[in-house]
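Biologist: I am new to this structure and would love a patient look at one part of it. Please start with the sheet and what packs on it, then follow it to the ligand.

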Amino acid sequence: MVLNVPANRFLIWGGNGWVAGHLKELLEKQGKEAYTTTVRMEDREAVIRTLQEIKPTHVLNAAGCTGRPNVDWCEDNKEATMRSNVIGTLNLTDCCFQFGIHCTVFATGCIYQYDEEHPIGGKGFIEEDEANFDGSFYSFTKAKVEAMMKFYSNVLILRLRMPVSDDLHPRNFVTKISAYERVVDIPNSNTILTDLLPASILLAEHSDTGVYNFTNPGAISHNEVLTLFKKHVRPSFEWKNFTLEEQSKVIKAGRSNCKLDVTKLVNKLKEYNYEVPEVHDAYEACFKRMAAAGIR
Ligand SMILES: NC(=O)c1ccc[n+]([C@@H]2O[C@H](COP(=O)([O-])OP(=O)(O)OC[C@H]3O[C@@H](n4cnc5c(N)ncnc54)[C@H](OP(=O)(O)O)[C@@H]3O)[C@@H](O)[C@H]2O)c1
């Protein structure tokens, strides 16, 4: 007897966003059924109506208030930031729970900063470590909502950091740092989307839940990134550094710098025969793809 197993149906929240666009493209390439929505997450009636209409098996929540031109915006718009990142995110997860829908949240690892126990070059933060960075209101909301939301049994929380695409989209971390007048030089965990987004679909399809640090293994400094960028993409590129103290004078909110431990993610993905390359190797490959596409 052939069982009539319903196919997965993905609904991507935050439909006009950058990560959401990549998810849609990826799912379509994989031949999967994917829908997007721009319904506000905090609008409970509209969320419920959308879930009832589309009947997804999986929600991919790539919606969130990220601020424009950057997270400094959240410092001056605290209520709007909370409405999206706390009330909205929790509401969407709760509505999915009520309907028995798996919900993957594209969250952030920018809730940590290097400390005595986790120094530069030392051990990374694991999923169970309490957030220790609230230097920006954006990170503050993200850390608080994660700490509550993780108790939902239908939720998979993926902590991205400084995401990088294979193009020079304005939201790409490389685009940002290559356009700054001066950059700090600190090792960080980064998420190369080409490596990690397929992993997010795998985890969702297996109905995995819980919190995962969602970056390539290792940490890479700004100068190492830009050196590889110069080598493969833009040979004429030059940049200048400044210190954290100097940086703090030109930004309103603090920025997180940290390394995440991805042992949990790597071990889980081994079960699905999926490997995520070390961050330096991942950048080499990413910049080679960029160059091959004629991006300079
Ligand atoms: N890019 C990064 O550096 C980075 C790093 C780590 C984690 N993340 C997280 O990953 C997620 C996606 O990021 P992204 O870079 O793709 O950001 P993005 O391009 O700003 O996309 C976010 C989308 O969410 C929508 N949105 C905001 N508040 C909403 C709400 N209350 N209800 C419904 N939609 C809402 C926005 O629409 P409107 O513009 O109409 O509000 C926007 O289209 C975010 O949660 C972000 O915090 C991003």
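**The sheet and the ligand**

Modeller: Happily! Helix 2 (residues 44–54) lies across strand 1, strand 2 and strand 3, and runs at about 155 degrees to strand 1. Contact here means heavy atoms within 4.5 Å, and angles, from 0 to 180 degrees, are taken between the N-to-C directions of axes fitted to C-alpha atoms, for helices over the stretch in contact. Helices (H or I, at least four residues) and strands (E, at least two) are DSSP runs, numbered from the N terminus.

Please keep in mind that this is a predicted model, in which local features need pLDDT of at least 70 and side-chain atom pairs count only at pLDDT 80 or more, while totals for chains, interfaces and linings use all residues. Residues are numbered from 1 along each chain as its sequence is written, and side-chain values use heavy atoms, leaving out hydrogens and water.

Now the sheet itself. It is open, with six strands in the order 2-1-3-4-5-6 and parallel pairing; two strands pair if DSSP finds at least two bridges between them. At the edges, strand 2 (33–37) and strand 6 (210–213) each pair on one side only. From one strand to the next, the twist averages 20 degrees. Strand 1 (residues 9–13) is joined to the parallel strand 3 (residues 58–61) by four bridges, and W13 stands opposite N61. Just before strand 3, in the loop that follows helix 2, you will find K55, which has a positive phi of about 50 degrees although it is not a glycine. The loop after strand 3, leading to helix 3 (72–76), holds P69, and the R68 to P69 peptide bond is cis, with omega near 5 degrees.

Strand 4 (102–108) brings us to the ligand: this strand gives the largest share of the surrounding shell, three residues. Helix 1 (18–29) and helix 5 (137–149) are also among the elements that each supply at least two. In total, 25 residues surround the ligand, with V19, E42, T66, S84 and Y138 the closest; a residue counts if one of its heavy atoms lies within 4 Å. Polar contacts are pairs of N or O atoms within 3.5 Å. Ligand oxygen atoms lie 2.8 Å from a backbone N or O atom of V19 and 2.6 Å from a side-chain N or O atom of Y138. The protein covers 84% of the 880 Å² of accessible area that the ligand has on its own, computed by the Shrake-Rupley method with a 1.4 Å probe.

Conventions: Polar contact = N/O pair within 3.5 Å; in protein donor to acceptor, adjacent residues only side chain to side chain.
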